[in-house]
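Visitor: Please take one part of this model and look at it closely, then follow it outward into its surroundings.

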Amino acid sequence: VDSANAGRVLASDAAVFLKKSGLTDLVLGKIWDLADTDGKGILNKQEFFVALRLVACAQNGLDVSLNSLNLPVPPPRFTDSSSPLLLSGTASSDLPWAVKLEDKVKYDAIFDSLNPVNGLLSGDKVKPVLLNSKLPVDILGRVWELSDIDRDGMLDRDEFAVAMFLVYCALEKEPVPMSLPAALVPPSKRKPLSVPGAMPLIPSSTSTKESHQSLPPVGILAAKTPLTQ
């Protein structure tokens, strides 16, 4: 990113690179604010490393905060084909899927009851099911964003199972992560991990600006911890 070897990275260059992490602009903004400590719009090498570590935290469902900097996380993943770390995502294909078989059967039954077309459900068909959970709209927006893995505005059978899994976790008071943990990516969707830029939230008339505080993203599969907002 610092092609001129100047020992610092400008905000514009860093933004282009960090966007390849597949995280939302909201999360990347928070990462930048924490890394650019003096607000100069420039990161030195140490500050850039902080940004990279926070990206890794967010990609693994941990809270984006300076407290997370010392937690053990795998290196951050970027979708740039020239990135040496792109290959590090391939190991995730061996991870067992977090959605249990008996739960998948239940989710499939709900999926079939919603009259999918060509094996896909539109946002309009999924929306009532999500709203039925009575979860806040911003949380449901994130559930939709995480489960629509191929960003086509529709959910197939596996993506719908991910959405249901996240809804049930949220109902159990487990925060919905900011990015999809590798263990939650359906085996059918696993390739060398690359997640394109985030698409808009649930198709809905209410504008869901995530200005009010989101829940802290804790590892979805981690032990239950008491929630503090």
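Guide: Helix H6 (residues 137-147) is largely enclosed by the rest of the structure, because 10 of its 11 residues are buried; here buried means under 20% relative accessible area, exposed means over 50%, and partly exposed lies in between, with a 1.4 Å probe and protein chains only. Helices (H or I, at least four residues) and strands (E, at least two) are DSSP runs, numbered from the N terminus. The model is a predicted one, in which local features need pLDDT of at least 70 and side-chain atom pairs count only at pLDDT 80 or more, while totals for chains, interfaces and linings use all residues. Residues are numbered from 1 along each chain as its sequence is written, and side-chain values use heavy atoms, with hydrogens and water left out.

Among the buried residues of H6 are Asp 138, Arg 142, Trp 144 and Glu 145. The cover over the buried residues of H6 includes strands E3 and E4 together with helices H5 (123-131) and H7, where contact means heavy atoms within 4.5 Å.

H6 also feeds the largest nonpolar core, a set of buried Ala, Val, Leu, Ile, Met, Phe, Trp, Tyr and Cys residues joined through side-chain atoms within 4.5 Å. Of its 32 residues, Leu 130, Phe 160, Leu 166, Leu 180 and Leu 184 touch the most other members. H4, H5, H6 and H7 each supply at least two residues of this core, and the largest share, 10 residues, comes from H7.

Helix H4 shares some of these neighbours, since what covers its buried residues includes E3 (121-122), E4 (154-155) and H7 (157-171). The buried residues of H4 are Asp 103, Lys 104, Tyr 107, Asp 108 and Phe 111. They cover an arc of only 140° around the axis, taken from the directions from that axis to the C-beta atoms, which puts them on the same side of H4. The face turned away from that side carries the exposed Val 105, Lys 106 and Ser 113.

H4 and H7 are also joined by a salt bridge (a side-chain nitrogen of Lys or Arg within 4 Å of a carboxyl oxygen of Asp or Glu), in which the side chains of Arg 157 and Asp 108 meet at 3.9 Å, N to O. This pair links distant parts of the chain, with Arg 157 in H7 and Asp 108 in H4, 49 residues apart. Arg 157 counts as partly exposed at 33% relative accessibility, whereas Asp 108, at 16%, counts as buried.
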